[in-house]
Amino acid sequence: MKFAVFSAKSYDRDTLGLAARNAGHEAVFFAHHLNALTAASAKGFAAVCAFVNDQIDKPCLAALQEAGVRVIALRCAGFNQVDLRAAGQLGIAVCRVPAYSPEAVAELTVALMLTLARKIHKSYLRVREGNFSLEGLVGMNLHGKTVGLIGTGRIGICAATILRGFGCKLLAYDVQENPEAKALGARYVALNALLAESDIVTLHCPLTPATHHLIGAEAVRTMKPGAMFINTSRGAIVDAQALIEALKNGRLGAVGLDVYEEESDLFFEDLSDQILQDDVFAQLLTFPNVVITGHQGFFTIEALQAIAEVTCANLTEFEKRGICNNAVSESMLAGPAKGAVKS
Ligand code: NAI
């Protein structure tokens, strides 16, 4: 089947182009994002392929339907960018790649922890300048630290597996306990207990109405003084302003982010010759104990190949049977209320 790929980069052309040819599909690449204004460029395609910062809201979906699109194949795990209720009402199927390489995201998560724990971002720059002083670079061991995992699905379990290898103690919070986490030695506790007892808190739950700003001012106040906070999940699970306040008053000791609530205006583009207009993001960049990467958790060759193959398999399935194995629907967004306590 012929499908339109939005927000396409060179690496998408390489991996999706090859996977599409191997699966007997034809991929046509558009560099622009998919949104209500650009949806008309899908005219003539029964399928579109979209990414994390495409804005697939109701007007966009209506325009896609008008253009003749019957299926949206997301080349990512998260699906918060789609108005699933509107998609269902308009009869447009939505599918995703639920697990391509949870290891890739878990490894970046731990890379952020190690960078901050050992101040590698600072020492890298110092050594390049010929400054070999160790003043101010005292780090901390991960060994023996308590790490709190919020979300113990595929990525959370991979992170737990790595962290257990470092000799960390594991606490977990999830709306659904995972026996694999318990087998790794994680102890499920209420969210507040996890925040209060963890030296490092790391987010691995999806962005849903229940998790929007799950980490806000109150949650940050509950954290251990000097705790490290890592988010490689979705930006809007965290209130960035609350992080800034906690960094300013020293409540948080370090912050590592691969995602940011307003990242759609920034990430995946080279803006190096432009003036940064996002004051919150600009302020985050000023802290010496903050490391930000531009949503690259998924970005390994293994993950890109898996994403491309599963995306094409999803389209093959839809072409043959009219449904996708990896379909997403509105019911998947339901969950307990924000901050619900579970032991
Ligand atoms: P998963 O579906 O395997 O696991 C998510 C876990 O979160 C589940 O155990 C679920 O029960 C739990 N959860 C759901 N609602 C919750 C709530 N209200 N409170 C606490 N836990 C809750 O998903 P996976 O594959 O582990 O991915 C997690 C997230 O990581 C994705 O939703 C996506 O947003 C993000 N991600 C980020 C990437 C990056 O490049 N930085 C790449 C891929 C995923």
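**Exercise 1. Work out how many disulfides the structure holds, and where its cysteines Cys-49 and Cys-76 stand.**

Step 1. Start with the count: there are zero disulfides in this structure, which is a predicted model.

Step 2. Take Cys-49 next. Its nearest cysteine sulfur belongs to Cys-312 and is 7.8 Å away. A disulfide would need the two sulfur atoms within 2.5 Å, so Cys-49 is in no disulfide.

Step 3. Turn to Cys-76. Here the closest cysteine sulfur is that of Cys-49, at 8.5 Å, which is too far for a bond.

Step 4. Check the surroundings. Cys-49 has a relative accessible area of 0% and is buried; Cys-76, at 2%, is buried as well. The cut-off to keep in mind is that buried means under 20%.

**Exercise 2. Lay out the sheet that contains β1, and find its edge strands and the helix that packs on it.**

Step 1. Write down the order. Five strands make an open sheet, β2-β1-β3-β4-β5, and they pair in parallel.

Step 2. Look for strands that pair on one side only. These are β2 (26-29) and β5 (93-95), the edge strands.

Step 3. Consider the twist. On average, neighbouring strands of this sheet are turned by 25° against each other, direction ignored.

Step 4. Zoom in on one pair. Strand β1 (residues 2-5) runs parallel to β2, joined to it by four bridges. One residue to locate is Lys-2, whose bridge partner in β2 is Glu-26.

Step 5. Add the helix. Helix α12 (residues 301-321) packs on the sheet and touches β1, β3 (47-50), β4 (71-74) and β5. The direction of α12 makes about 160° with that of β4.

**Exercise 3. Do likewise for the sheet of seven strands: give its order, its edges and one bridge partner, then place helix α10.**

Step 1. Recall the general idea: the strands of a sheet pair through backbone hydrogen bonds, in either a parallel or an antiparallel way.

Step 2. Read off the order. This open sheet runs β8-β7-β6-β9-β10-β11-β12, and its pairing is parallel.

Step 3. Identify the edges. β8 (187-188) and β12 (290-292) each have a single partner strand, so one side of each lacks a neighbour in the sheet.

Step 4. Pick a pair inside the order. β6 (residues 146-150) and β9 (residues 200-203) are parallel and share four bridges. Ile-150 has Leu-203 as its bridge partner in β9.

Step 5. Place the helix. α10 (residues 240-248) lies across β10 (227-231), β11 (252-257) and β12, and it runs at about 145° to β11.

Technical notes
Residues numbered from 1 in each chain as written. Predicted model: local features only at pLDDT ≥ 70, side-chain atom pairs only at ≥ 80, totals over all residues. Heavy atoms only, no water. Pairing = 2+ DSSP bridges. Helix = DSSP H or I, 4+ residues; strand = E, 2+ residues; numbered from the N terminus. Axes fitted to C-alpha atoms, helices over the stretch in contact; angles between N-to-C directions. Contact = heavy atoms within 4.5 Å. Buried < 20%, exposed > 50% of the residue type's maximum accessible area, 1.4 Å probe, protein only.
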